[in-house]
Amino acid sequence: MSFLKRMPFLIAVMAICFSVVSCRNSQVLFQENTSDWERFGDSAWKFSYNELIGIADDSNGFVMTQKTYSDFILQLEFKPDGTINSGVFIRCSNQEINPTDCYEANIWDLHPNQDFRTGAIVLKAVPLAIVETNNKWNTYKIRAEKNHVQVWINGILTADINDDTLTKGYIGLQANGTGEIRFRNVKITSL
């Protein structure tokens, strides 16, 4: 068989090898009935149809990984109602959430200080673009590599910083104030 006739076969084999290697570096986070994450605080958390739902009733709570991560791409879908104060916390230095010991990619379109609205990295970067996220499914992509952190919502770059403060830590999801936040398809890929 000539090389040109074998070319489609070789391309298919290379594609399969590439997908196996890239899948090996990926992990799904915050799954039901797994013990690799914990709940903290007063907000309620439950699963329904593979969605992790945080419900805050004048409360604050979060879920957090038991493992720390350094360089990665974190991708997830989220659906906030119009009142919830939520966020995705990365590189937390301990199993607590706050914007000084973690990078907080905020989820709160109606934040009283719009510098901290959805898409901001709280205390580090105001949003580069305004993306409305209430009451619909959205995507978050967060890339953290060495001192460079970038955030996209629905494919739109909303934050891009260089900061040496936090290089490794836990990942957390928040439900604060009053309202409901839904998360699904939370996946991390090591870089």
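A disulfide is a pair of cysteine sulfur atoms within 2.5 Å. With that in hand, let's work through some exercises on this predicted model.

**Exercise 1. The disulfide**

Find how many disulfides the structure holds, and work out which parts of the protein are tied together.

*Solution.*
- Step 1: Count. The structure holds one disulfide.
- Step 2: Name the partners. C92 is joined to C102, with an S to S distance of 2.2 Å, which is within the 2.5 Å cut-off.
- Step 3: Look at the twist. The link of C92 and C102 is right-handed, with 120° about the S-S bond.
- Step 4: Place the two cysteines. C92 belongs to strand β6 (residues 85-92), while C102 sits in the loop between β6 and β7 (103-107), so the link ties together parts 10 residues apart in sequence.
- Step 5: Check the surroundings. Both C92 and C102 are buried.

**Exercise 2. The overall plan**

Describe the order of the elements along the chain, and say how many residues there are and what share of them is buried.

*Solution.*
- Step 1: Count the elements. The protein has one helix and 11 strands.
- Step 2: Read them from the N terminus. The order is α-β-β-β-β-β-β-β-β-β-β-β, so you meet the helix before the strands.
- Step 3: Look at burial. The protein has 191 residues, and 43% of them count as buried.
- Step 4: Look at contacts across the sequence. Taking contacts between residues at least 6 apart in sequence, 66% join residues at least 24 apart.

**Exercise 3. Which side chains face which way?**

In strand β3 (residues 44-48) and in strand β8 (residues 138-145), sort the side chains by face.

*Solution.*
- Step 1: Recall the rule. In a regular strand the side chains alternate between the two faces of the sheet.
- Step 2: Apply it to β3. W45 and F47 point to one face and are buried, whereas A44, K46 and S48 point to the other and are not.
- Step 3: Apply it to β8. Here N138, Y140, I142 and A144 share a face and are buried; T139, K141, R143 and E145 point to the other face and are not buried.

**Exercise 4. Partners of these strands**

Find the strands that pair with β3 and with β8.

*Solution.*
- Step 1: Start with β3. This strand pairs with β4 (residues 51-65) in the antiparallel sense, over five bridges, and S48 has E51 of β4 as its bridge partner.
- Step 2: Inspect the turn. β3 and β4 make a hairpin with two residues between them, and Y49 in the turn has a positive phi of about 50°.
- Step 3: Move to β8 and β5. Strand β5 (residues 72-80) pairs with β8 in the antiparallel sense over seven bridges; in β8, N138 is the bridge partner of F78.
- Step 4: Add β9. β8 also pairs with strand β9 (residues 148-153), antiparallel and over six bridges, with A144 opposite V149 in β9.
- Step 5: Inspect the second turn. The hairpin of β8 and β9 has two residues between the strands, and K146 takes a positive phi near 55°.

**Exercise 5. The nonpolar cores**

Identify the residues with the most contacts inside the largest nonpolar core.

*Solution.*
- Step 1: Recall the tendency. In soluble globular proteins, nonpolar side chains tend to be buried together.
- Step 2: Read off the core. The largest one has 38 residues, and L74, V88, I90, Y140 and F183 have the most contacts inside it.
- Step 3: See which element gives the largest share. That is β11, with seven residues.
- Step 4: Look for another core. A second, separate core has seven residues, including M64, F89, I97 and C102.

**Exercise 6. A closer look at T189**

Is T189 buried or exposed, and which side chain shares a polar contact with it?

*Solution.*
- Step 1: Locate T189. This residue is in strand β11 (residues 170-190).
- Step 2: Compare with the cut-off. T189 has a relative accessible area of 18%, and buried means under 20%, so T189 is buried.
- Step 3: Find the polar partner. The side chains of T189 and S26 are joined by a polar contact of 2.9 Å.
- Step 4: List the neighbours. Leaving out residues up to four places away in sequence, T189 touches N25, S26, D71, F72 and I73.

**Exercise 7. How far to trust the model**

Find the average pLDDT and a stretch where the pLDDT is below 50.

*Solution.*
- Step 1: The protein averages a pLDDT of 92, and 87% of its residues score at least 70.
- Step 2: The pLDDT is below 50 over residues 17-22, a stretch with zero contacts in the model beyond near neighbours in sequence.
- Step 3: Where pLDDT is low, the predicted coordinates should not be read in detail.

Methods:
Residues are numbered from 1 along each chain as its sequence is written. This is a predicted model: local features need pLDDT of at least 70, side-chain atom pairs count only at pLDDT 80 or more; totals for chains, interfaces and linings use all residues. Side-chain values use heavy atoms; hydrogens and water are left out. Helices (H or I, at least four residues) and strands (E, at least two) are DSSP runs, numbered from the N terminus. Buried means under 20% relative accessible area, exposed over 50%, partly exposed in between (1.4 Å probe, protein chains only). A polar contact is a pair of N or O atoms within 3.5 Å; within protein, one must be able to donate a hydrogen and the other to accept it, and residues adjacent in sequence count only if both atoms are side-chain atoms. Contact means heavy atoms within 4.5 Å. A nonpolar core is a set of buried Ala, Val, Leu, Ile, Met, Phe, Trp, Tyr and Cys residues joined through side-chain atoms within 4.5 Å. Two strands pair if DSSP finds at least two bridges between them. pLDDT is the predictor's confidence in each residue, from 0 to 100.
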